[in-house]
Amino acid sequence: MKIEKDKVVVLTYELEVDGVIADRASEDHPLDFIHGTHMLLPKFESEVDGLEEGESFAFTLLPEEGYGPYDESKVLELPKAAFTIEGVVREDLMEIGRTLPMMGKDGGILYATVKEVTDNGVVMDFNDRMAGKTLNFKGTVLSVRDATEKELREGLHGEYLPPEEGHHCCHGKGKGHCHKHEGGEGCCHGGGEGHCHEGGEGCCHDKAPEN
């Protein structure tokens, strides 16, 4: 069976960036998705489209085909008060290199990485960690099958269900392969408004949303 729209695809992959393996999905923990439902980078889907079970693939995505160019305007300094949970400023969250879920002014979740800690604030990078990077993928298709009506309606892992009913929040906008963001100690309000909220687990997002 070939990979085409509304087929459930299970595959392995390695993602090489700047000469090192940045992400992988093994046979024990493969990537599975419903093809053509905009859960992955469009170019990734087009590259595996038409492949069959057992076939291997290898391709390169330029930044404009992946997570876009690096945008300096998405690097912002937030006051340390933005990292307050239950009245306490959580300096343990201000670890350089740590990625945190941040709550934007519209209530949406943004992911940002701690870039620098200053005397007065924390410099946060809202670019996706793969922004500006050339992505080199290789892998193998493990299986292809028809999606069930329930999977098409609710998502392969319940991602189309309301948050209280879904299994996780791996949801996309057609711009990303699902990669895990680490460090979900709480949701901090972006732009220096409000405080962190507990219970902010890391989510699979398509790419860093617009700030």
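T12 sits in strand β1 of this predicted model. Is this residue buried or exposed? Its relative accessibility is 12%, so T12 counts as buried; the cut-off for that label is under 20%. If you trace what T12 touches, leaving out residues up to four places away in sequence, you get A25, S26, E27, F57, K138, G139, T140 and L142. You can also check D32, which is 20 residues from T12 in sequence and 8.9 Å away in space, going C-alpha to C-alpha.

Now step one residue back, to L11. Setting aside neighbours within four places in sequence, L11 is in contact with A25, P30, L31, F33, F44, F57, T140, V141 and L142. L11 also belongs to the largest nonpolar core, a set of 23 residues, and is listed with Y13, F44, F57, L135 and F137 as having the most contacts inside that core. Where do the core residues come from? At least two each are supplied by β1 (7-17), β3 (31-34), α1 (42-48), β4 (56-61) and β11, and β1 is the top contributor to this core, with 5 residues. There's a second core too, lying apart from that one: 14 residues, including F83, L93, M94 and A112. As background, nonpolar side chains in soluble globular proteins tend to be buried together.

Next, the aromatics. The structure holds 7 aromatic pairs, and one worth pulling up is F44 with F59. The ring centres of F44 and F59 are 5.4 Å apart and the planes meet at 80 degrees, so this pair is edge-to-face; the angle cut-off for that class is over 60 degrees. In sequence the two are 15 residues apart, with F44 in helix α1 and F59 in strand β4, and the pair links distant parts of the chain. Both partners count as buried: F44 because its relative accessibility is 0%, F59 because its value is 8%. Zoom out from the pair and you'll find one aromatic cluster made of Y13, F44, F57, F59 and F137.

For something polar, go to N127, in the loop between β10 (121-125) and β11 (135-146). N127 has a relative accessibility of 6%, so this residue counts as buried as well. What does its side chain reach? It gets to the backbone oxygen of D71, at 2.8 Å. The side chain of N127 also makes a polar contact of 2.9 Å with the side chain of D125.

Stepping back to the whole protein, you're looking at 2 helices and 14 strands. Out of 211 residues, 45% count as buried. The exposed area comes to about 11,000 Å², with carbon and sulfur atoms supplying 47% of it. Take the contacts between residues at least 6 apart in sequence, and 69% of them join residues at least 24 apart.

Finally, how confident is the predictor? The average pLDDT is 81, and 77% of the residues score at least 70. Two stretches call for care. Residues 166-187 have pLDDT below 50, yet this stretch has 91 contacts in the model beyond near neighbours in sequence. Residues 189-211 are also below 50, with 84 contacts counted in that way. Where pLDDT is low, the predicted coordinates should not be read in detail.

How values were computed:
Residues are numbered from 1 along each chain as its sequence is written. Side-chain values use heavy atoms; hydrogens and water are left out. Helices (H or I, at least four residues) and strands (E, at least two) are DSSP runs, numbered from the N terminus. Buried means under 20% relative accessible area, exposed over 50%, partly exposed in between (1.4 Å probe, protein chains only). A polar contact is a pair of N or O atoms within 3.5 Å; within protein, one must be able to donate a hydrogen and the other to accept it, and residues adjacent in sequence count only if both atoms are side-chain atoms. A nonpolar core is a set of buried Ala, Val, Leu, Ile, Met, Phe, Trp, Tyr and Cys residues joined through side-chain atoms within 4.5 Å. Contact means heavy atoms within 4.5 Å. Rings of Phe, Tyr and Trp (its six-membered ring) pair if their centres lie within 6.5 Å; planes under 30 degrees apart count as stacked, over 60 as edge-to-face and the rest as tilted. Accessible areas come from the Shrake-Rupley method with a 1.4 Å probe; for residues, only the protein chains shown count as cover. pLDDT is the predictor's confidence in each residue, from 0 to 100.
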